[in-house]
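The following exercises are to be worked through with the sequence and the coordinates at hand. Each task is followed by a solution in steps.

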Amino acid sequence: MKKVFSNLNKKYVLLKRSWSPQQNLFYGFLTYVLGGFILLSLPWLQKQSASFLDHLFIATSAVSTTGLVTISVFDTYNFGGQLVVMILFQLGGIGYLTFTTFMILSTTRRITHWHKSLLTSEFTLPVTIKIKDFLKSVILFTVTMEVIGTVLFLIAFMQEGKSFSEAIWISLFHSISAFCTAGFSLFNSGFTEYVDNSFINFIISFLAIGGSLGFIVVTDFMLWVKRKSHQLSFTTKIIFIGFLLLLSFGFCFFYFVEPTVSQLSGKERFLAAFFQSMTAMTTVGFNTVDFGSFMLPMLLVTTFLMYIGASPSGTAGGMKITTLTAVFSIMKSRIRGSKKITFLGRTIPFERLYIATSSFIFYTTIIFVGTFVLTFSESFEFERILFEVASALGTVGLSTGITGDLSVLGKSVIIILMFIGRLGVLTFGLAIWSKSITNEEGEVLEEDIAV
């Protein structure tokens, strides 16, 4: 029997090595989803029964760190089921193979070229950052942030009158959910009860922004602090500038335009405007006001923020700020008649421009197709359907309240969109067509700009 298992394992390893890095990521995340689906379907992990499609929906939403739900996580699953959901979005947040490769690196101090190819495919790294430094930063930063978040949440929830035994679990759950920008909550109404709680608003924003800015930025800054000779990468600068501009853009619209927010008092109004802009940009998916009551222009603004997302190689979804920057630079250069594509005085390599434009076209096409299909299968208003599709593909988790009422086809489409969103549209396409982005020497591209 041992020999049989050994032979099967060898065949499996050979099969994995015959796949492209993108195919490995595809099947890796698919394994997470199916494993979570099987566990969540077990009766002894449930408080009440639910359909198999709903269990698959929750498993996919957790692995993709989206947060869209068709059933209440708290009412449907007991502690064991909730723990499975938390583990799934923790794995989805840090990325496939990140933890296992870190363990290999910790024990053998070397990783194979195969592991490097996978990690480079999953996390588009600038050439100034080495994989070893990156992996250590990912694990250290993740653990540190989630521990800090748990302690802060514990203090906040106990101040709200919850007992220590109750607060410790919901603090850990929401800390990991916020940092991984998963959007899963044990409160059926989300955080709408805490719209005026500055401390809880700060904790979620602190964790979500930390996770969504991306491990590239974190690693870059850690190296910058440790080594005086290290220069911040162009990618880091782009992410910071883009994030601040888009966050400010969203805040102004929420603060001055949206009646649901503008009718609040001074502090509540500021907190609500900032939080709603932040939750869409970081794709954390928590909300302190009801998006279902938003006026149409604000639904479109939120859809735009979810469409862009935050930075590459972080826990957030969306098309990414760097992709938007590259597309904007192309447009600007063409208008000016310049042959070179530049941003902030730096020339963007053509390889990155090809990736960015492909991602932009593919991402937009998928949103169109997903919206098109749902307009046939669902009877909701067009803007609500578009909002749901953008939230699913951007792995955001915000909803106008239609998720639980979707048809079987509608839920299936959203499941596919969430999976594609977590995998990445280009990675998904490359996995399907069995290709890999390579240069003439056959090595995975690593430029100074991550897209």
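**Exercise 1: Aspartate 54**

Leaving aside residues up to four places away in sequence, aspartate 54 touches Thr70, Ile71 and Lys411, a contact being heavy atoms within 4.5 Å. The model is a predicted one, in which local features need pLDDT of at least 70, side-chain atom pairs count only at pLDDT 80 or more, and totals for chains, interfaces and linings use all residues. Residues are numbered from 1 along each chain as its sequence is written, and side-chain values use heavy atoms, with hydrogens and water left out.

Task: establish where aspartate 54 lies, whether aspartate 54 counts as buried or exposed, and which side chains it joins by polar contacts.

Solution.
1. Aspartate 54 is placed in helix 3, residues 52-63. Helices (H or I, at least four residues) and strands (E, at least two) are DSSP runs, numbered from the N terminus.
2. Aspartate 54 counts as buried because its relative accessibility is 9%; buried means under 20% relative accessible area, exposed over 50%, and partly exposed in between (1.4 Å probe, protein chains only).
3. Its side chain makes a polar contact of 3.0 Å with the side chain of serine 51 and another, of 2.8 Å, with the side chain of threonine 70. A polar contact is a pair of N or O atoms within 3.5 Å; within protein, one must be able to donate a hydrogen and the other to accept it, and residues adjacent in sequence count only if both atoms are side-chain atoms.

**Exercise 2: Helix 19**

Task: describe the span, cover and end of helix 19.

Solution.
1. Helix 19 comprises 16 residues, 408-423, and reaches 23 Å from its first C-alpha to its last, close to the 22 Å expected at 1.5 Å a residue. The expected span is 1.5 Å times one less than the number of residues.
2. Of its 16 residues, 12 are buried, including Lys411 and Ile414.
3. Glycine 424 follows helix 19 and has a positive phi, near 100°.

**Exercise 3: Isoleucine 414**

Task: relate isoleucine 414 to the largest nonpolar core.

Solution.
1. The largest nonpolar core has 110 residues. Such a core is a set of buried Ala, Val, Leu, Ile, Met, Phe, Trp, Tyr and Cys residues joined through side-chain atoms within 4.5 Å.
2. Ile414 is listed with Phe89, Phe157 and Phe184 as having the most contacts inside this core.
3. Not counting residues up to four places away in sequence, isoleucine 414 touches Phe57, Leu68, Leu374, Glu388, Ala392 and Leu406.
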